[in-house]
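Reader: I've got a model to look at and some labels I'd like to see justified. Could you walk me through them?

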Amino acid sequence: MLTGLLQAVDEAAAVERLHDLECTDGLPVIVPTEARVARMALAAGLDRDLVLGRMGPAGGIATVEKVAVAAVMAGCLPDHMPVVIAAVRAVLDPRFDLTEMQSTTHCTAPLIVVNGPARQWCGPIASGFGALGPGHRANACIGRALRLAMINIGGGRPGTSDMALLGHPGKFTYCLAEDEEASPFQPLHVHSGFEADESVVTVIGAEAPHSVLFSGSGDDPERHERFLEILAIGLANLATNNAGLRGGAAVVVLNPEHAAILAGAGLSRVQVAERLCALASHPVAELARYEPAFAGKPGTRERLPCFDRPSDIVMLTAGGAGLYSMVMPTWCAGPHRNRAVQVRIDTDQVCEVPGADSG
């Protein structure tokens, strides 16, 4: 982890120097000059020397200023800074198991879900068509800022401390908002106990999105059940850690059309999670055939559940309406079994930032 100022003859040379020092994610970055970092730190509304915590595996001290450096490099606007700070706080929570997650050979990456007014105030953060794809500045920059902090403060570098065998593209950036307006369900943060007018990030280490295809007949009174079965197959197929290691968490992203199918059947958010939890299990004999190391002792149980409790299934509505929803299995390891962590986005302390300068 570098400390102090670097010198370069111009911006292009500075970018190359940052690449040479392995301070980037492999893509070009914005040079974090003193003026740019000061402006970004000001947007947090917090003392720039405030310590947010230690970031593993290197144990670097994450201050507001260091996070501001990552946000500048990622291309963030000052408006994005409160979400970045909240996301950093979330991964620093011991329940997130950041050190272990950065060091695992699994492909997990922190998925950031934003709820509440910050979706507009700090963005806009996309929640509709292509929300996890290109073209959405806030989504791309916020997720990237967290990754650059994990590289330069946490010391997560491939092959030495970040031991993911392949990784996935979400390790560049992995951020979206919930489409609360299109959802027939209570927003994720309200369901979790926050007020509707609060802004919240939910961060969970997740695999890349797995597409779930479902059309179903509108005349089929059981199509909601068939859809739940398809979702459970995606969440807990035998190739995932959810099936093998078990006891972790997972993410379900329902497109508005699919969410309407479940709500139209009279199911609540809780009931959907309960049904998915019940469906996500495997016969011990089947696990023993494919994953004998994880099947347990013979004769203990006929089936093994993938999840310990319905609340470990994080569900939200996002994306365009149509045939496809997404599920994200998780790592299911670490001392806290890859838990989701939620942090309130503090917009009360945010300062109005003067106009940008060239520095």
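What follows is a short chat about one strand and one pair of helices in this predicted model.

Reader: What makes strand E3 (residues 109-115) largely enclosed by the rest of the structure?

Author: Buried means under 20% relative accessible area. Seven of the seven residues of E3 are buried, so the strand counts as largely enclosed.

Reader: How do you know that E3 pairs with strand E5 (residues 200-206)?

Author: Pairing takes at least two bridges, and seven bridges join E3 to E5. The two strands run antiparallel. One of the matches is Ala109, whose bridge partner in E5 is Ala206.

Reader: And what makes strand E4 (residues 175-177) a partner of E3?

Author: Go back to the cut-off of at least two bridges: E3 and E4 have three, in the parallel sense. In E4, Ala177 stands opposite Val114.

Reader: On to the helices. Why are H9 (residues 223-236) and H11 (residues 256-264) called oblique?

Author: Their axes cross at roughly 125 degrees. Roughly perpendicular covers 65 to 115, and roughly antiparallel begins over 145. The angle falls in neither range, so H9 and H11 are oblique to each other. The crossing of the two is left-handed, and the axes come within 9 Å.

Reader: How do you know that H9 and H11 meet, and which residues do it?

Author: Contact means heavy atoms within 4.5 Å. On that basis, Arg223, His224, Phe227 and Leu228 in H9 meet His258, Ile261 and Leu262 in H11. These contact residues divide into four nonpolar, two polar and one charged.

Note on methods
Residues are numbered from 1 along each chain as its sequence is written. This is a predicted model: local features need pLDDT of at least 70, side-chain atom pairs count only at pLDDT 80 or more; totals for chains, interfaces and linings use all residues. Side-chain values use heavy atoms; hydrogens and water are left out. Buried means under 20% relative accessible area, exposed over 50%, partly exposed in between (1.4 Å probe, protein chains only). Helices (H or I, at least four residues) and strands (E, at least two) are DSSP runs, numbered from the N terminus. Axes are lines fitted to C-alpha atoms, for helices over the stretch in contact, and angles run from 0 to 180 degrees between N-to-C directions. Angles under 35 degrees count as roughly parallel, over 145 as roughly antiparallel, 65 to 115 as roughly perpendicular and the rest as oblique. A crossing is left-handed if the near helix is turned anticlockwise from the far one by less than a right angle, and right-handed if clockwise. Ala, Val, Leu, Ile, Met, Phe, Trp, Tyr, Cys and Pro count as nonpolar, Asp, Glu, Lys and Arg as charged, and the others, Gly among them, as polar.
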